[in-house]
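User: Please take me through this one by asking how each label was earned. I'd like every value set beside its cut-off.

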There are 2 protein chains.
Amino acid sequence: MFVAARSLEARAYDALVAAGADDITPTQARLMAQIDQGGTRVVTLAARARTTKQSAAFLVDQLERAGYVERVADPRDGRAKLVRLTARARALGDRADAAVAEALAEWEAHLGATRMRQLEETMSMLREITDPWA
Amino acid sequence: MFVAARSLEARAYDALVAAGADDITPTQARLMAQIDQGGTRVVTLAARARTTKQSAAFLVDQLERAGYVERVADPRDGRAKLVRLTARARALGDRADAAVAEALAEWEAHLGATRMRQLEETMSMLREITDPWA
DNA sequence: GTGAATAGACAGAGCGTCTGACTAATATGG
DNA sequence: CCATATTAGTCAGACGCTCTGTCTATTCAC
């Protein structure tokens, strides 16, 4: 399970590097994947990544400097800023999603459609008892 | 899948901390899990953990200082040393295994015996195409 | 036996994470 | 309405982990 999960993550990351984002680290990519359409606060990113706001802010600093995210003031809270993906980063996200879809297609070819569907169901069930913030 | 794998790892690590090994980091524990009965060379540990020998040696240094492993000369190769678990570390390994078994029992209670068996089979199949060093 | 490969150690650097303390803005209770 | 508590974010310092590069000692192969 570790092997398979890690393999999937590697496929996504390799797609980013292949797309020219060789100045991005796996940790930064993982954080970017947590940013939703419209922007997300640093503290929310930290919670989703199960880390401290300091760590998240540090990574956001780097991503901002590299041009993958931007900080804009939150109109509904004067203290907060929203971290938003730039157009360049959104294009990268599409690349990563495509790489994951490709890998999953290979899984299905190896496992068969029935077993693949069971796998998705089972993982969904497991999430009910293993997701620490569900 | 990430969530479930991470949950399993956390259960094992929490068991170590609960057993009093609060001076051990997750990274160190992960490396220790790669040491077989009779001892393993640093370069082998590095290969299994997919890292450099320098990183592995660094972690072994710390584990040795904390009394979890010891280095003994390899009788079959004068250049090499074998990293071996101490009795204390082996006892910890048993605790971790028990914690994982307990978690898997919970999974089976949630999924049912049939689906749990299928999960094990599927993960075994996935390893065939995702394990980078099989 | 000479050269290539291997096991390990040392030095230096960078990344990522943490704790703790701080400012500014918002929410709450009297 | 104001005092207090809470929350968003930043700054400073430290540690943990990993990497590249270089070195010595030993073994293997021809």
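**Contacts, spaces and interface**

Analyst: A polar side-chain atom of Arg71(B) sits 3.2 Å from a phosphate oxygen of DNA strand C. Residues count from 1 along each chain as its sequence is written, and chains are lettered from A, with ligands numbered from 1, in the order in which they are written. This is a predicted model, where local features need pLDDT of at least 70, side-chain atom pairs need pLDDT 80 or more, and totals for chains, interfaces and linings use all residues, while side-chain values use heavy atoms, without hydrogens and water.

User: Why is the Arg71(B) pair called a polar contact?

Analyst: A polar contact is a pair of N or O atoms within 3.5 Å (within protein there are also donor, acceptor and sequence-neighbour conditions). At 3.2 Å, the Arg71(B) pair therefore qualifies. DNA strand C also has a phosphate oxygen 2.7 Å from a backbone N or O atom of Lys81(B), and one 3.4 Å from a polar backbone atom of Val42(B).

User: Which atoms of DNA strand D pair with Lys53(A) and with Arg79(B)?

Analyst: A polar side-chain atom of Lys53(A) lies 2.5 Å from a base nitrogen, and a side-chain N or O atom of Arg79(B) is 3.4 Å from a base oxygen. On the backbone side, Val42(A) places an N or O atom 3.3 Å from a phosphate oxygen of DNA strand D.

User: What makes a residue count as near a strand, and how many surround DNA strand D?

Analyst: One of its heavy atoms must lie within 4 Å of the strand. There are 23 such residues around DNA strand D, and the closest are Lys53(A), Arg79(A), Thr25(B), Thr51(B) and Gln54(B). Sugar and phosphate make up 58% of the atoms of DNA strand D that come within 4 Å of the protein. Around DNA strand C there are 22 residues, with Thr25(A), Thr51(A), Gln54(A), Lys53(B) and Arg79(B) nearest. There, 61% of the strand atoms within 4 Å of the protein belong to sugar or phosphate, and the rest to bases.

User: Which helix gives the most to each surface?

Analyst: For DNA strand D, α4(B) gives the largest share, five residues; for DNA strand C, α4(A) gives the most, also five. A helix here is a DSSP run of H or I with at least four residues (strands are E runs of at least two), numbered from the N terminus.

User: What makes a space a cavity and not a pocket?

Analyst: On a 1 Å grid over the protein atoms alone, a 1.4 Å probe fits in a cavity but cannot get out, whereas a pocket is open, with protein on both sides within 12 Å along at least five of seven lines. One cavity of 30 Å³ or more is counted, and the largest has a volume of about 40 Å³. The elements giving two or more residues to its lining are α6 (113-130) of chain A together with α6 (113-130) of chain B. Arg115(A) and Arg115(B) are among the lining residues, each with an atom within 4 Å of a point. The second largest pocket holds about 200 Å³, and α4(B) gives the most to its lining, three residues.

User: How do you know how much area chains A and B bury?

Analyst: Buried area is the accessible area (1.4 Å probe) that two parts lose on being put together, summed over both. For chains A and B that is about 2700 Å², 73% of it on carbon and sulfur atoms. Met1(A), His110(A) and Arg115(A) supply 22% of chain A's part, more than any other three residues.

Terms used
Grid points are joined across faces, edges and corners, and a volume is the space filled by probe spheres set on the points.
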